[in-house]
Amino acid sequence: MVGDAEECVQAALPVEPLTVTTSCGEDAPMADSSLGKAGTRFSARLLGKRRQSEPGPSDNIARKMEGEGSVGGGDGCFRNGAAKSDHGDAASTELPMAKVATRSSPRLAEKQRPNCSEKQPEKVPRKEIVKMRAIMDLSLMQATNSETKVVLGKVDAYAQGSVDGVGGTSQNGAVKSDHMKVKEALRVFNSHYLHFVQAEEHRVKQVEVKQLANCKAVKVKVPKKKIGGSSEDEIKRGSKRPDLKAISKMKENRSVLYPEKRIGHLPGIDVGHQFYSRAEMVVLGIHSHWLSGIDYMGMSYAKQEKYKGVPFPLAVCIVLSGMYEDDTDNADEILYTGQGGQDLLGNKQQIKDQKLERGNLALKNNFESGLSVRVVRGHESRNSYCGKVYTYDGLYKVVKYWAEKGVRGFTVFKYKLKRLEGQPLLTTSQVFFARAHAPRSISNLRGLVCEDLSGGQENIPIPVTNVIDDPPVGPIDFVYQKSMQFANNLKLPTNCLGCQCKGGCSNPTACACAQLNGNDFPYVQRDGGRLIEAKSVVFECGPNCGCNVSCVNRISQQGIKYHLEVFRTPSKGWGVRSWDTIPSGAPICEYTGILTKTDDMDNIADNSYIFEIDCLQTMKGLDGRETRPGDVSSLINLDDKRSEVVEYCIDAGSVGNVARFINHSCQPNLFVQCILSSHHDMKMAKVMLFAADTIPPLEELTYDYGYALDSVVGADGKVVKMPCHCGAVDCRKWLY
C-alpha cells in the first residue's frame, strides 16, 4: 500500500485545462487539455470562470483512479447556496461559507443555482429515531465480530437522519452529507479559535505596552529582551488556551457535532481522518476529553433504558500518543497501558499504582461485554499548533486485560486490543509516508517539466510535474506575472487616504484602516498571518499608510508562503497542491492577470480564465450568495441598482500566476476574499484565495467556481451544460 500511495499521490489529484508559455518549455507542444470545442463555452456576456475539462480519450487512467482523484477539495465556500452550518449562533462565525466574487454573470442573477441533490428521504419522527438508535446501540453491544460489521453498516445508513449534532439540510433543501457536517463543525471551531487567538494577542500586547510604560515612568532604560522577560510571568498568568476557549464556546452554543457519546464509528469520520489537535476531536465528539487518553460513557448512561443490563462505565475511544512508557503498538494489535499514576510533569514515567476505576474500569467492561472501542493515534508534527497530528484508525476490541508491575515497579493495567476485520486498511503508515515523503526538494519530483513556473518571481519556486502525458509537457502560451497587469485604458484610483501608524499597526482604535474593518484587524499574526473569518471585503493598509510591510494588516501582500506545485491531473488538465500543511485562514495567492473592463472583452469564447470582480454582488447577497460580516454603507450605496453590474474582470488567459491553475470543487478547501488596500473602489478589488480548512500536504487546492445553472450560452445562443467531475462527496453533478 505504501508503494502504491506514492504513485497515487503523484498522479491522481484533479485539476483542469489550460493554455500556457513560460520557462517550462516555450516550444513544447500543447498539452491535451480535453477542453472540447472552443467557442461553445461562454456567452460573450458571461465572463464565466475557467470551466472544467470534459473527459477525453486519454482519460482512462482517471477512471481507474477515480477514488484517489478526488483527494482535493474540502468543502470550502459553498457559494451555490449549498450547505450552511446549523450551529445556531455559532454559524455566523464560520470561516468561508460565503459566495465572494462568483463568476456567474450578474445579468443572469435571477436564475436558480443548481440543485443536484437526490430526492430527500422522508423525515422520521424523533421518537422513532431514538427508538431505532436504542435498538442498534444495544445490538452493537451484543454483537460478535462478524455481526459488528453488519450493525455498524446499519448505524451509518440511518445516521443521515440523526437528530444529534449539526442540522441535516442546507439552504437549498439538499440533505447535507455527514462529511459536510464534519467540515462545518471544524470550520466553526477554527473561527472561534482564531477569534480567541486575536484576543490573546491583544492582551499580550497590552501587557507589553504596560511594562514599557512603567519602565519609562521610572526613567529606566530597559532593553527589549528584558521587557519581554519581565512581562513573561504576567503574560503566562493571564493566558488561557484559545483552543480550550473555542471548545467551551461550542459547548455553550450546542454546536458540538456528536455531543452524545456513542459506541462504534461516527458518521462522516472515516478511517484515516486526520485531526490537528485534541480540541478538534472534542468538538466533533469522537473523543470528548482534551487531555485524558480514555473517553468513556459514565454511569449517567446506565440510567437509559437502551443500556439496561450493560456494565458501566464503557470506553468509546482511546488516544495513543506515546504518553506511557509501557505502551506497545503493532498497528493491528495494541498493548495499551491504562490511565493514572503517571508523573504529571510529562516525563512519561509511572510514580504510583494505577487503580481499576474510570477509564481503566471502562476498558475492562468493554472486554466483558465484547464492545469495540475507537482508536486514534497521535504522531509528532511540526505542522500542527499542538505539535501533533492525530489519525483515526478504526475500531478495536479488547481481547485481554490484566494487572502487572510496570518498568518502574508500580502496578499498571494492561489491555490487549485487536483491530476488527472488515474495516478499511490502516492509514497511519500511509499518513506517515505522505508526510515524510512530501517532496523535500524539486530534484526529487517525478515527471518534472519545469523547476519554477514563476521564473524566480515568487518567494518560493513553483515546480510543474506531469506523469500523465507521454511525452510529458508543461503549460504553454502563458506568461507568468506575479503582480496584476492593467489594460491600457485603465487607471487605478489614487485618492485613498492611509493610516498614520508607525512601524506595525497595533492599536485598532487609532488605525484608520482597522476602523474600516469594524474597529479591528481582520488577521491574527499566528502561523505567519491568518484571516479570522471571511468578510464582505477586507481593508488592508496600503502605499499611503505609515506602517511598514510587516504590519499585521498587510498579510495578503507578503507573497506566497507555501511550497506549491502545479501538476497534471488525469481528467481535468492542470491542478495545484501544496507540500506543506496549510492552516485554515492562511493566504494562498492572489488571482492575477490583466485587469480590464468587462465591456472591452472580445475574446470570451476562447478564454476560460476570466474572473469577474463582483464583491458588490456578494455584499448584496445576490444569486443566493450568503452575506458576510462587514459594513461598507459609508463607502457605497448598496441600494443603487447600477452596483449589480460587474464592470471589471481579471483576464488570466495569457498572463497570470499560479491561481489560474486552481480547479473547481463543489466542496472546496479554499475561499475567495476581496481586498482593498491601494484604493477603495470595490469594483476593482484585489481577489485573494484563502484556506477554508486545515489542508494536509499533497491535497489538491480547490475553490467553488460558483456557476449558476444554465448560465453559460454558446455561440449559437443555446444553453451549454457541463457535468462536474470534481469528485466531491456532495458534488452538485453539474458545473453549469
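The points below set out structural features of this predicted model.

1. Overall composition. The protein chain has 736 residues, of which 57% count as buried. Its secondary structure comes to 13 helices and 26 strands. Among contacts in the chain with a separation of 6 or more, 74% are between residues 24 or more positions apart.

2. The largest nonpolar core. This core has 62 residues, and those with the most contacts inside it are Val566, Ile588, Tyr591, Val658, Leu689, Leu701 and Tyr703. At least two residues of the core come from each of β9 (448-450), β16 (564-568), β17 (574-578), β18 (587-590), α13 (615-619), β21 (648-651), β24 (670-676) and β25 (686-691). β24 gives the largest share, four residues. A second core, of 42 residues, lies apart from this one and includes Ala185, Tyr193, Leu257 and Phe312.

3. The surroundings of Leu689. Residues up to four places away in sequence being left out, Leu689 touches Ala586, Pro587, Ile588 and Cys589, among others. Its further partners include Ala659 and Ile662, then Leu670, Phe671 and Val672, and also Tyr703. Ile588 and Tyr703, both touched by Leu689, are themselves listed with the residues that have the most contacts inside the core.

4. The sheet containing β24 and β25. Four strands, in the order β15-β24-β25-β18, form an open sheet with mixed pairing. β15 (538-539) and β18 stand at the edges with a single partner strand each, so one side of each has no neighbour in the sheet. β24 and β25 run antiparallel and are joined by six bridges. In this pairing Phe671 stands opposite Phe690 of β25.

5. The sheet containing β21. A further open sheet, also of mixed pairing, is formed by four strands in the order β12-β19-β21-β20. Its edges are β12 (485-486) and β20 (610-612); each has a single partner strand, so one side of each is left without a neighbour in the sheet. Two bridges join β12 to β19 (residues 594-597), and the two strands run parallel. Phe486 stands opposite Leu595 in β19. β21 also supplies at least two residues of the 62-residue core.

6. Strand β3 and its partners. All seven residues of β3 (residues 314-320) are buried, so this strand is largely enclosed by the rest of the structure. β2 (residues 294-297) is joined to β3 by four bridges in an antiparallel arrangement, with Tyr296 opposite Ala315 in β3. β3 also pairs with β6 (residues 372-380), here in the parallel sense and over four bridges. Cys317 stands opposite Arg374 in β6.

7. A buried acidic residue. Which side chain of opposite charge is nearest to Glu458, and is a salt bridge formed? The nearest is that of Lys482, at 4.6 Å, and Glu458 has no salt bridge although it is buried. The cut-off for a salt bridge is 4 Å, so a separation of that kind does not qualify. The side chain of Glu458 does make a polar contact, at 2.7 Å, with the side chain of Tyr480. Beyond its neighbours within four places in sequence, Glu458 is in contact with Tyr480, Lys482 and Ile560. The residue is placed in the loop between β9 and β10 (464-465).

8. Cis peptide bonds. Most peptide bonds are trans, and two bonds in the model merit inspection on that account. The bond from Phe312 to Pro313 is cis, with omega near 0°. Pro313 is in the loop between α9 (299-302) and β3, while Phe312 is one of the residues of the 42-residue core. Asp470 and Pro471 are likewise joined by a cis peptide bond, with omega about 5°. Pro471 lies in the loop between β10 and β11 (479-480).

9. Positive phi values. Most residues other than glycine have a negative phi. Arg358 has a positive phi, near 50°. This residue lies in helix α10 (residues 358-369) and is partly exposed, with a relative accessible area of 46%. Asp527 also has a positive phi, of about 60°, although it is not a glycine. Asp527 lies in the loop between β13 (523-524) and β14 (530-531) and is partly exposed, at a relative accessible area of 38%.

Methods. Residues are numbered from 1 along each chain as its sequence is written. This is a predicted model: local features need pLDDT of at least 70, side-chain atom pairs count only at pLDDT 80 or more; totals for chains, interfaces and linings use all residues. Side-chain values use heavy atoms; hydrogens and water are left out. A nonpolar core is a set of buried Ala, Val, Leu, Ile, Met, Phe, Trp, Tyr and Cys residues joined through side-chain atoms within 4.5 Å. Buried means under 20% relative accessible area, exposed over 50%, partly exposed in between (1.4 Å probe, protein chains only). Contact means heavy atoms within 4.5 Å. Lys and Arg count as positive and Asp and Glu as negative; His and the chain ends are not counted. A polar contact is a pair of N or O atoms within 3.5 Å; within protein, one must be able to donate a hydrogen and the other to accept it, and residues adjacent in sequence count only if both atoms are side-chain atoms. Two strands pair if DSSP finds at least two bridges between them.
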